[in-house]
Every structure is written in C-alpha cells, then in structure tokens.
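Here is a friendly walk through one protein model. Take a look at the picture, then read on.

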Amino acid sequence: MSELVTGDAVVLGLRPARLPSRALALAIDMAVVWTVYLSVSVGLAIATASLDEAAGMAIAVASFLLVLVGAPIAVETLTHGRSLGKMACGLRVVRDDGGPIRFRHALVRGAVGVVEILMTFGVVACIASLVSERGRRVGDVFAGTLVVRERVSAGRVAAVPPPPPWLVGRFAGLDLSAVPDGLWLAIRQYLTRMGQLDPQVSWSMAERLAGDLAARTGAPAPREVPPAAYLAAVVNERQAREARRVQGGESVGAVAYGVRAGGVGSPRVSAVGSGGASVDGAGVVAPSGAGADGVRGAGAPEAGGSARGTGFAPPA
C-alpha cells in the first residue's frame with residue numbers, strides 16, 4: 001500500500017529526498033554536532049584532569065553518547081523530524097504514511113546511525129540510499145520512516161477535505177491501532193485526488209479502501225455513509241487524535257495534512273478561520289462556499305458540468 005495506482009494509471013506516492021540533498025543536510029548536522037562534541041570534550045578534559053584514567057574514560061564515553069547520539073535523537077523528536085541541516089535543505093523525516101515521527105522513530109534512526117554513519121563514515125548510509133527506491137538508509141527501513149522534500153510550490157498543495165459535519169466525532173471510539181501506515185497513506189492520497197478521477201473509478205477505489213480500513217478496525221463501515229465520506233471522517237478522527245497528542249490536549253479545530261503532488265507536507269492545524277472559512281459547532285473548518293457536507297461538489301455532478309465528482313456521493 002506504499003503506492004496506489006489510480007484508474008488513470010497515476011501513481012500517488014511520496015516525493016523522497018535524494019542522496020545529494022540528504023548528504024548536504026547530514027554534513028551540516030555533523031559539522032554542528034562534532035563542533036559541540038569537541039568543545040564539550042575539551043572542557044571535560046580540563047575539568048576532570050585530576051581524575052584517574054577509568055573515570056576519564058567513562059566520562060568520555062558518556063559525552064560521546066550524549067552529544068553524538070542523544071542530541072540528534074532529541075532534536076529530531078522535538079522538531080518532529082527537522083534537524084538544523086534538514087531545515088536548511090528543506091527536508092523532513094516523516095513516517096511511511098506521511099505523519100510526524102515520534103521518539104521511537106528518532107531513537108531507532110539514531111541507534112542505527114551510530115553504525116551506518118559514525119562508525120563507517122557514512123559509507124553504509126550512502127550505499128543504502130543509492131540502492132533504495134525511495135532513498136532510505138538502513139535506519140529509515142528499521143524505523144519505518146522516510147526523508148521527504150518539504151519545499152514545494154504552494155500551488156501544488158492540496159489538503160485532505162474535511163468530512164461532512166454530521167460525521168465529525170462519530171468514529172471517536174474506533175480502534176485505529178491496527179491500521180498500517182501504508183493504508184493511511186493510500187487513503188489520504190486518494191482523498192486529495194478523488195476529484196480528479198472518473199466518478200466510477202473513484203467510487204470503486206473508495207469502496208476498496210473503506211473495506212480494507214473496516215477490516216483493520218474490526219468495525220464494519222456504516223451502510224448509509226458513502227465510502228469516501230467514511231474515509232474522510234476516519235482520517236479526520238485520526239488527525240484530531242494526533243493533534244491532541246502533539247498539542248498536549250489543547251483544544252484544536254480540524255486538522256489537515258497537506259499532501260503535495262509527489263510529496264507530503266508537514267501537519268497543519270486549522271483553527272477558527274476568517275474571511276474564506278467558517279467553523280461549525282463541532283470545530284470543523286469548512287471552506288467558503290462549501291456545501292452542506294462540508295466539501296464543495298460533494299454531491300452529484302452539476303447538470304451540464306463535468307462528469308467528474310469528489311466521490312462523496314454515488315456516481316450518476
């Protein structure tokens with residue numbers, strides 16, 4: 001499910017960062033980390049000159065682990081995948097489904113990076129990135145992460161459409177822990193592109209994805225809910241949970257992950273809007289001019305208009 005092929009033979013996938021940009025970001029990070037490490041080592045050597053050899057060795061090992069291993073892990077965790085080098089190069093570490101990484105992802109990447117970057121001077125990481133189709137090093141494979149490009153023109157950004165207001169909060173009790181990252185990625189990519197698909201193709205894809213999602217959650221999809229609307233409601237529920245976790249339980253509005261053509265953007269929390277957006281009682285931001293279900297054109301295609309629809313309603 002890491003790639004989803006539409007009826008028009010369009011592959012919806014991430015836009016991974018390649019070796020040159022990753023190498024430049026790594027060089028910046030290593031220059032900063034090694035500068036800090038050497039400064040700390042010199043300071044500790046002067047401060048602990050009176051200690052015996054064993055104590056000095058223990059302090060040296062501790063400083064190595066804290067600065068060269070622990071510091072990058074902490075930075076990636078706190079910035080949700082953007083170190084200093086990655087910010088300079090417009091890169092970001094995300095999960096396979098495009099979501100923000102957590103501590104466990106950064107920990108695995110950092111632990112494996114000790115071997116493939118520090119101990120082999122980056123040779124293993126370079127070979128793995130060249131061999132991998134998506135430019136992933138060994139640490140990314142074990143952590144289930146991917147380094148993607150963030151800097152894409154704003155005109156190519158498309159947000160996951162919000163679900164109809166009457167579905168917001170309906171799936172709050174759904175168990176989403178068994179849904180794999182690849183399925184989340186396929187669902188989000190479908191939702192951002194469904195308006196570009198043939199109505200029949202869009203409907204069949206939505207039914208297939210809704211069936212896969214229902215099988216993973218253990219709860220059947222409601223028969224009265226269109227499959228695309230069901231997918232949008234469940235994705236909105238998951239994103240709301242992610243936002244509450246990231247924001248520490250603060251009240252948030254609708255959350256949309258910007259999915260770019262060929263890339264994934266950073267998470268975006270949409271609070272109370274002004275001018276071009278409105279907020280309903282459930283806290284969902286609906287674009288200006290949206291229909292009753294919260295998405296423009298969610299119903300049947302207009303008379304005399306294009307035969308393409310969003311997939312929230314059965315094709316005519």
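## A first stretch to look at

How much of the chain over residues 106-131 is helix, and how far apart are the end C-alpha atoms? The chain there is 88% helix and 0% strand, with 22 Å between the end C-alpha atoms. Keep in mind that this is a predicted model.

That stretch comes from a record: UniProt, in an unreviewed entry, puts the feature "transmembrane region" at residues 23-47, 54-75 and 106-131. Residues 54-75 come out as 100% helix and 0% strand, and their end C-alpha atoms sit 30 Å apart.

## Helix 4, with a bend

Helix 4 has 17 residues. From its first C-alpha to its last it reaches 23 Å, close to the 24 Å expected at 1.5 Å a residue. Even so, helix 4 bends by about 45° at Gly113. Just after the helix comes Phe121, which has a positive phi, near 55°.

Plenty of helix 4 is tucked away: its buried residues are His105, Ala106, Arg109, Gly110, Val112, Gly113, Val114, Glu116, Ile117 and Leu118. What covers them? The cover includes helix 1 (19-47), helix 2, strand 3, helix 5 (123-131), helix 6 (138-143) and strand 4 (145-149).

## Charged pairs

The model holds 13 salt bridges. One of them joins Glu76 and Arg109, whose closest N and O atoms are 2.7 Å apart. This pair links distant parts of the chain, since Glu76 belongs to helix 2 (residues 53-78) and Arg109 to helix 4 (residues 103-119), 33 residues apart. Are these two buried or exposed? Buried means under 20% relative accessible area, so Glu76 at 8% counts as buried, and so does Arg109 at 3%. The two are also part of a network of salt bridges that links Arg22, Glu76, Lys86, Arg109 and Asp140.

Another salt bridge brings together the side chains of Arg95 and Glu242, at 3.3 Å from N to O. Because Arg95 lies in strand 3 (residues 91-95) and Glu242 in helix 9 (residues 227-246), the pair ties together parts that are 147 residues apart in sequence. Both Arg95 and Glu242 are buried.

Helix 9 also has a salt bridge between Glu237 and Arg241, with the closest N and O atoms 2.9 Å apart. Why are Glu237 and Arg241 separated by about one helical turn? Because they are four residues apart in helix 9. Glu237 is buried, with a relative accessible area of 9%, while Arg241 is partly exposed, at 21%.

## Nonpolar cores

Now for the greasy parts. In soluble globular proteins, nonpolar side chains tend to be buried together. In this model, the largest nonpolar core has 29 residues, and those with the most contacts inside it are Ile187, Tyr190, Leu191, Leu213, Tyr230, Leu231 and Val234. Which elements give two or more residues to this core? They are helix 7 (181-193), helix 8 (199-217) and helix 9. Helix 9 provides the largest share, eight residues.

Val234 shows what those contacts look like: leaving aside residues up to four places away in sequence, Val234 touches Phe171, Leu174, Leu176, Trp184 and Leu213. There is also a second, separate core of 17 residues, and among its members are Val33, Tyr37, Leu68 and Ala106. Ala106 also appears among the buried residues of helix 4.

Terms used:
Residues numbered from 1 in each chain as written. Predicted model: local features only at pLDDT ≥ 70, side-chain atom pairs only at ≥ 80, totals over all residues. Heavy atoms only, no water. Salt bridge = Lys/Arg side-chain N within 4 Å of Asp/Glu carboxyl O. Buried < 20%, exposed > 50% of the residue type's maximum accessible area, 1.4 Å probe, protein only. UniProt positions renumbered as here; feature names shortened; annotations may be inferred. Core = buried A, V, L, I, M, F, W, Y, C linked by side-chain atoms within 4.5 Å. Contact = heavy atoms within 4.5 Å. Expected span 1.5 Å × (residues − 1). Bend = angle between axes of the 7 residues up to and from the residue.
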